[in-house]
Protein chains: 2
Amino acid sequence: MENQCGNSRIAGCSFSVHPMSDQFVSYIKGSLQEVDTSNVWMKTDDVTTTVRGRMEHVFDVTKAILLHIAKTDVHVAFQGTFSIGCPGDSSGDVYMEETTERLNEKDTSDIQQYSAAKFSLYPMGGGDYMDTIYSQIEAMKEKGVTVSPAHYSTRLEGDTNAIFTGLEDVFRETENSGSSHTVMTVTISANSPTHKEKQS
Amino acid sequence: MENQCGNSRIAGCSFSVHPMSDQFVSYIKGSLQEVDTSNVWMKTDDVTTTVRGRMEHVFDVTKAILLHIAKTDVHVAFQGTFSIGCPGDSSGDVYMEETTERLNEKDTSDIQQYSAAKFSLYPMGGGDYMDTIYSQIEAMKEKGVTVSPAHYSTRLEGDTNAIFTGLEDVFRETENSGSSHTVMTVTISANSPTHKEKQS
Ligand SMILES: [Ca+2]
């Protein structure tokens, strides 16, 4: 448990991406060759990959890694814990690029990919977040994402770009509502055998 | 976001297990044939599997599902969010078997399997949990688990049975310390290509 706290609002995501294939390594390497990670700090070990930086870059990079694998039509699962604030953060391994330009948006915005997801928000630092969460979930519905309750989470179905936009918005607005430490867990499944009739 | 609260202390885990193989379905089905799930409520959809019941049965079943896949030597990743308490729980789909006998222990206790894991504890309902967490982490070290800090989490390495014992103990003692709603995220990797020299 790390308890150092920096001053800047570095966001991060500890994630894993699992192409369900004997060739999982080449799927991941292939995706990483297409993803521009120059605006974030990123490190992979045997359990997870950690990406840190400005919130928009963290979402941009994680979405791009998933989409560049999913576009090959392999069944792929993504699991990530997005985090901002203290405790749980550390001041080390910081990389806060000043630009807000999303380096991967141009290559991912055209990828139409159905996925199903579950997310849970844990605002642990106070704030007036319940109204925020409900209004952001309503906004997801207006973007074409199907929302339903699930055990311990909220289920989302629809276009992966729309799902990521919704996830980033609800995470950002929860932090803006005053939560000093916000955690969001996300699990996404793309190209599941059970999705065949819904896929684009 | 579900906000119903029951009275009983139903634990649950929303998890995914990812054998990195073209035959991922048969690995999962093969494991499930060996796991006794009769003491829990369990349901799988395209994103996650949810298991609910007494805390010991939730850990017993999730560990068994992972170990029966890992013992085949396939590279497998497990990701689970363990949860107990409100909000986030619902009173539906309850199954609280009275017995505390762990139905899968006899078949899993002999499986020696190295794994690496990361876990994060989110005690969201108060309680005096920091001392509890630190003492439970010390207890893990005494059981032979290697513990080190990681971004947003604590890293564990060692025998999978010892890791699950440590995870269950820290989860249980955090709840016992007075946390009315406790969430723990766990990511485990077994038979990773980078583990070859450490595997048993
Ligand atoms: Ca597709």
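**Exercise 1. The annotated binding site**

Task: Determine which residues UniProt lists under "binding site", and establish whether Val17(A) is buried or exposed.

Solution: The starting point is the unreviewed UniProt entry, which lists Val17(A) and Thr49(A) under "binding site". Although these positions are spread over 33 residues of sequence, they cluster in space, the largest C-alpha distance being 8.8 Å; this and the other values below come from a predicted model.

The next step places each residue in its element: Val17(A) is found in strand β1 (residues 11–19) of chain A, while Thr49(A) is in strand β3 (residues 49–53) of chain A.

The burial then follows from the cut-off, since buried means under 20% relative accessible area. Val17(A) has a relative accessibility of 11% and therefore counts as buried, and Thr49(A), at 10%, counts as buried because it also falls under that limit.

Finally, the contacts beyond four places in sequence describe the surroundings. Val17(A) is in contact with Ile28(A), Ile65(A), Leu66(A), Ile69(A), Val76(A), Ala77(A) and Phe78(A), whereas Thr49(A) touches residues including Cys13(A), Phe15(A), Met42(A) and Lys43(A).

**Exercise 2. The calcium ion**

Task: Work out which residues coordinate the calcium ion and where Gln113(A) and Asn191(A) lie in the chain.

Solution: First, the donors are identified as Asp73(A) (OD), Gln113(A) (OE1) and Asn191(A) (OD1), at 2.5 to 3.1 Å from the calcium ion. Their spacing in sequence reads D-x39-Q-x77-N.

Second, the positions of one pair show that distant parts of the chain are linked: Gln113(A) sits in the loop between α3 (105–108) and β5 (114–123) of chain A, and Asn191(A) in the segment after β8 (181–190) of chain A, 78 residues apart.

Third, accessibility is considered: Gln113(A) is buried, with a relative accessible area of 3%, and Asn191(A) is buried as well, at 2%.

**Exercise 3. The sheet and its helices**

Task: Reconstruct the strand order of the open sheet in chain A, and state which helix lies across β5, β6 and β7.

Solution: The sheet has eight strands, arranged in the order β2-β3-β1-β4-β8-β5-β7-β6 (chain A) with antiparallel pairing. Its edges are β2 (41–44) and β6 (146–150) of chain A, each of which pairs on one side only, and the twist averages 20° from one strand to the next.

At the β2 edge, β2(A) and β3(A) pair in the antiparallel sense over four bridges, and Lys43(A) stands opposite Thr50(A) in β3(A).

The helices are then added. Helix α4 (residues 130–142) of chain A lies across β5, β6 and β7 (153–159) of chain A, running at about 170° to β5(A). Helix α5 (residues 160–176) of chain A packs on the sheet and touches β4 (76–85), β5, β7 and β8 of chain A, its direction making about 5° with that of β5(A).

**Exercise 4. The nonpolar cores**

Task: Find which residues of the largest nonpolar core touch the most other members, and which element gives the most to this core.

Solution: Of the 40 residues in the largest nonpolar core, Phe82(A), Phe119(A), Leu156(A) and Met184(A) touch the most other members. Elements that each supply at least two residues include β1, α4, α5 and β8 of chain A, and α2(A) gives the most, with nine residues.

Taking Leu156(A) as an example, its contacts beyond four places in sequence include Phe119(A), Met140(A), Val147(A), Ile163(A) and Leu167(A). A second, separate core of 39 residues includes Val17(B), Val51(B), Ala70(B) and Phe164(B).

Terms used: Residues are numbered from 1 along each chain as its sequence is written. Chains are lettered from A and ligands numbered from 1 in the order in which they are written. This is a predicted model: local features need pLDDT of at least 70, side-chain atom pairs count only at pLDDT 80 or more; totals for chains, interfaces and linings use all residues. Side-chain values use heavy atoms; hydrogens and water are left out. UniProt positions are given in the numbering used here, feature names are shortened, and annotations may be inferred rather than shown by experiment. Buried means under 20% relative accessible area, exposed over 50%, partly exposed in between (1.4 Å probe, protein chains only). Contact means heavy atoms within 4.5 Å. Donors are N, O and S atoms within 2.8 Å of the metal (3.2 Å for Na, K and Ca); water is not among the atoms, so sites may look incomplete. Two strands pair if DSSP finds at least two bridges between them. Axes are lines fitted to C-alpha atoms, for helices over the stretch in contact, and angles run from 0 to 180 degrees between N-to-C directions. A nonpolar core is a set of buried Ala, Val, Leu, Ile, Met, Phe, Trp, Tyr and Cys residues joined through side-chain atoms within 4.5 Å.
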